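User: I'd like a close look at a single part of this structure. Could you walk me through one helix and its surroundings?

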Amino acid sequence: MKIALLDDDPVQLETMSTTAQGLGYRAVLFSRGQALISALRKDTFDLLIVDWNLPDRSGLEVLAWARTNLRPPPPMLLVTSRAEDEDIVAGLNAGADDYLPKPLSPPVLAARINALMRRAYAQPSAPGAEIHGDTVFHESAGAVTRNGQTVVLTAKEFGLAQLLFRNLHRALSRTYILETVWGNEPNLNSRSLDMHISRIRTKLNLRPEQGFRLTPIYSYGYRLERVGAADEATTAPTDKISSAEETTE
């Protein structure tokens with residue numbers, strides 16, 4: 001999972017980065033609010049940690065932008081030296097899910113990160129088996145059971161399908177998917193992701209008549225959604241993503 005860290009203080013940024021990486025998360029660092037907003041237009045982040053006072057624009061503006069344009073928005077933690085009640089209220093009203101005063105305590109920051117991640121993202125249902133409605137992922141076998149029928153997948157197909165089901169109705173950037181499923185593979189073919197998407201769509205029958213739609217998102221990535229879900233839950237970031245027609249296989 002990937003966390004965006006925004007602070008113009010290098011010391012605080014290093015504290016946040018060390019803490020996030022110590023928990024096993026990928027940390028991407030920003031020192032300007034506009035730089036983070038530009039990144040959010042192109043990539044997926046699982047958590048935003050944002051400082052209030054920034055040189056170019058307020059952290060509250062960044063939070064408000066994310067809350068308005070990302071559907072669904074990731075959890076957001078506001079960090080700041082402001083600790084008065086009215087400041088806390090203003091930060092939460094601007095869109096923050098939690099508020100942490102500076103100077104940052106790494107153990108407290110780590111606990112807040114873990115708490116936000118637990119609330120926002122589903123945890124594995126049971127050891128060796130992860131259940132998503134009528135779809136069950138069997139880790140040890142590298143297989144998926146859909147509607148009682150077992151489908152054997154390659155390791156990459158399994159990881160890709162599992163990632164999509166864990167993020168149902170959420171737009172995932174190509175960069176995020178490749179980093180999560182493939183890691184750092186220098187010789188990865190740029191078409192490999194598209195081929196794997198096509199294969200799992202076919203193997204798991206992820207089509208509207210079967211209750212799912214696996215949608216390519218122009219110049220961004222992919223999204224898996226249940227057909228008939230509320231529009232608000234499936235809307236992508238409004239000013240950067242528009243759904244393309246499903247590719248023909």
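Analyst: Happy to. In this predicted model, the cover over the buried residues of helix 1 includes strand 1 (2-6), strand 2 (26-30), strand 3 (47-51), strand 4 (76-80) and helix 5 (106-120). The residues of helix 1 that are buried are Gln12, Leu13, Met16, Ser17, Thr19 and Ala20. They sit on the same side of helix 1 because the arc they cover around the axis is only 165 degrees. On the other side, Pro10, Val11 and Gly22 are exposed.

As for the helix itself, helix 1 runs over residues 10-22, 13 residues in total. From its first C-alpha to its last it reaches 18 Å, close to the 18 Å expected at 1.5 Å a residue.

Both ends have a detail you may like. At the start of helix 1, Asp9 places a side-chain oxygen within 2.9 Å of the backbone nitrogen of Val11. After helix 1 comes Gly24, with a positive phi near 95 degrees.

For wider context, look at the largest nonpolar core, which has 24 residues. Within this core, Leu160, Leu164 and Ile177 touch the most other members. Helix 6 (155-166) gives the largest share, six residues. Leaving aside residues up to four places away in sequence, Leu160 touches Ile177, Val181, Leu193, His196, Ile197 and Ile200. Another core, of 23 residues, lies apart from that one, and Val50, Leu60, Ala66 and Met76 are among its members.

Notes. Residues are numbered from 1 along each chain as its sequence is written. This is a predicted model: local features need pLDDT of at least 70, side-chain atom pairs count only at pLDDT 80 or more; totals for chains, interfaces and linings use all residues. Side-chain values use heavy atoms; hydrogens and water are left out. Helices (H or I, at least four residues) and strands (E, at least two) are DSSP runs, numbered from the N terminus. The expected span of a helix is 1.5 Å times one less than its number of residues. Buried means under 20% relative accessible area, exposed over 50%, partly exposed in between (1.4 Å probe, protein chains only). The arc is that of the directions from the helix axis to the C-beta atoms. Contact means heavy atoms within 4.5 Å. A polar contact is a pair of N or O atoms within 3.5 Å; within protein, one must be able to donate a hydrogen and the other to accept it, and residues adjacent in sequence count only if both atoms are side-chain atoms. A nonpolar core is a set of buried Ala, Val, Leu, Ile, Met, Phe, Trp, Tyr and Cys residues joined through side-chain atoms within 4.5 Å.
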